[in-house]
Amino acid sequence: PCTCSMHTSRTLLATRAAPTAASVVLALPAVRPGRQIAGRRGEILSGLFAAVPPVFLVVFGNAPRLGYVETLLWGMILLLMVERLMAAPDGPRVRSLLLVSGFVAGIAVWTNLLIAPFAATAVIAVLVFRGRAVLGRAAGWGAAGLFAGSLPFWVFNIRNRFWSLALMETGEKGDLAEKAGRLLGEVLPFVLGMRDISAGEWLARAAIPLAVGYLLVVAGLVAFWRGTSAASGGRKAAVLPFALLFLTLAAFLASRYGSLGSPRYLFPVYGAMPLLLAMGTSSLWRRSRAWLLVVPLILGGHLVGVARAYQEFVFPGAGAAEIPPLRPVLDFLQHEQIRHVYADYGVSVRFNFETGEKVAAAQPLDERYPPNALAVDEASRVAVAEIGRFTFFGRQAFKKNLKALGFEFEEALAGDWRIFYAFRHAGQSSASLSPELWR
């Protein structure tokens, strides 16, 4: 899979451009559905809640080349197309919307497979509300758009033994209750901005106002659902964020990511969140303006988390021990004309991202991205780089075992980095070693 930022990564600034641009326009696709659900109030509130999201979206959404915020943007555009499709008259208009929707979904599949809950929501909504109009020949337009948009995805996977599909493994069987407990007690609070994104602990000054605000919104959602008829346009439009939330949580629990407990795999929740918050708040607003207290409670809680993250990650020196500078090792590699590196995953991704893959890095024995693994494995000149905790071997065992296998090599320091390079086979092996002995 690929992201827009992968094509603008010649410099670090350019690498950050795509997620930054996507974040700026993220609020726009939430505005029209918000108006369809709750009128002018919903339009204003959905845009506001999308513009000031929880800290987890702010930090991880802007991480270059992960594709999270781009996927969120494509997913929200897809739901916007579906909302228009639900109201379009039969005929050419439906076919053109199906074509565009399929193309958007295809690009999103190429970007990140987290588009799956958005795509499932779109398909279910179209079949339920416009089944007669889209079945038959009209469905071919959607399929054609999907194929065209996702063509790079299939080209990559055909060349690499359908590597992307390995990411769709299901989780362990029989652990649903455990995963549900982890979801509600740990993962979802991260996504909702109630935990310190750095330390992982509850952030009381954000969690308390957010808990109050979210509970009031839930009450407003119940009131909204009871107060609208099933045939109303607002109720139909409201089905989309509810379905997206449910399918995202269900996919998380069913997949292996539920076992991992990683909050980033709940990113599609942010596609539903501004609409649900706007829906609940506007319902309360209709009863009394006093209930608008919900808005500063939620937005204030989000901003507290963002301020805390800014202090942790942006202030000079913040996280310096956790993020070793690459410049010393990159200068060394350039001097030695080495463009392929084995490194621990925690730093190998940075080699690839921050150099625009001018230096290709892979994690030995366990690199899951085929092009990088193949490039480093087949390179004639490689280096092994380690620093601090970012290592994949015991240093003395590594050197001893290489010598036992008949290899000679050079060892150098570049800043705090230790680099092994200039590997050459000098004679017969004196031992046969299994992989576990390298530690």
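Two strands are taken as paired where DSSP finds at least two bridges between them. In the predicted model described here, strand 3 (residues 383-386) and strand 5 meet this condition, with three bridges joining them in an antiparallel arrangement. One residue of strand 3, Glu386, has Arg418 of strand 5 as its bridge partner. On the other pairing of strand 3, two bridges connect it to strand 1 (residues 340-342), and these two strands run parallel. Here Val341 is bridged to Ala383 of strand 3.

These pairings belong to an open sheet of five strands, ordered 2-1-3-5-4, with mixed pairing. Strand 2 (360-362) and strand 4 occupy the edges; each has a single partner strand, so one side of each lacks a neighbour in the sheet. From one strand to the next, the twist averages 30°. Strands of a sheet pair through backbone hydrogen bonds, and the pairing can be parallel or antiparallel.

Helix 14 lies across strand 1, strand 3, strand 4 and strand 5, and runs at about 25° to strand 5. Helix 16 (residues 370-377) also packs on the sheet, where strand 1 and strand 2 are touched, and the direction of helix 16 makes about 100° with that of strand 2. Within the sheet, strand 3 is covered on both faces. Ala383 and Ala385 are buried on one side of this strand, and Val384 and Glu386 are buried on the other.

Aromatic pairs were examined next. A pair of aromatic rings is described by the distance of the centres and the angle of the planes. Rings of Phe, Tyr and Trp were paired where their centres lie within 6.5 Å, and by this rule the count comes to eleven aromatic pairs. In one of these, the ring centres of Phe332 and Tyr421 are 5.1 Å apart and the planes stand at 80°, so the pair is edge-to-face. Phe332 belongs to helix 14 (residues 327-336) and Tyr421 to strand 5 (residues 417-425); the two are 89 residues apart, and the pair links distant parts of the chain. Phe332 and Tyr421 are both buried.

A further pair is formed by Phe409 and Phe423, whose ring centres lie 6.0 Å apart with the planes at 40°, so this pair is tilted. Phe409 is in strand 4 (residues 407-414) and Phe423 in strand 5, 14 residues apart, and this pair likewise links distant parts of the chain. Phe409 has a relative accessibility of 14% and therefore counts as buried. Phe423, with a relative accessible area of 27%, is partly exposed.

Other aromatic residues are grouped in a cluster composed of Phe56, Phe60, Tyr68, Phe267 and Tyr270. Charged side chains also meet aromatic rings. The charged end of Arg41 sits over the ring of Trp285, at 4.8 Å from the ring centre. Arg235 lies over the face of Trp225, 4.1 Å from the centre of the ring.

A final site concerns Thr121, which is located in helix 6 (residues 116-134). The relative accessibility of Thr121 is 2%, so this residue counts as buried. With residues up to four places away in sequence left out, Thr121 touches Leu79, Leu240, Ala243, Leu244 and Leu247.

Technical notes:
Residues are numbered from 1 along each chain as its sequence is written. This is a predicted model: local features need pLDDT of at least 70, side-chain atom pairs count only at pLDDT 80 or more; totals for chains, interfaces and linings use all residues. Side-chain values use heavy atoms; hydrogens and water are left out. Rings of Phe, Tyr and Trp (its six-membered ring) pair if their centres lie within 6.5 Å; planes under 30 degrees apart count as stacked, over 60 as edge-to-face and the rest as tilted. Helices (H or I, at least four residues) and strands (E, at least two) are DSSP runs, numbered from the N terminus. Buried means under 20% relative accessible area, exposed over 50%, partly exposed in between (1.4 Å probe, protein chains only). A charge sits over a ring if NZ of Lys or CZ of Arg is within 6 Å of the ring centre and within 35 degrees of the ring normal. Contact means heavy atoms within 4.5 Å. Axes are lines fitted to C-alpha atoms, for helices over the stretch in contact, and angles run from 0 to 180 degrees between N-to-C directions.
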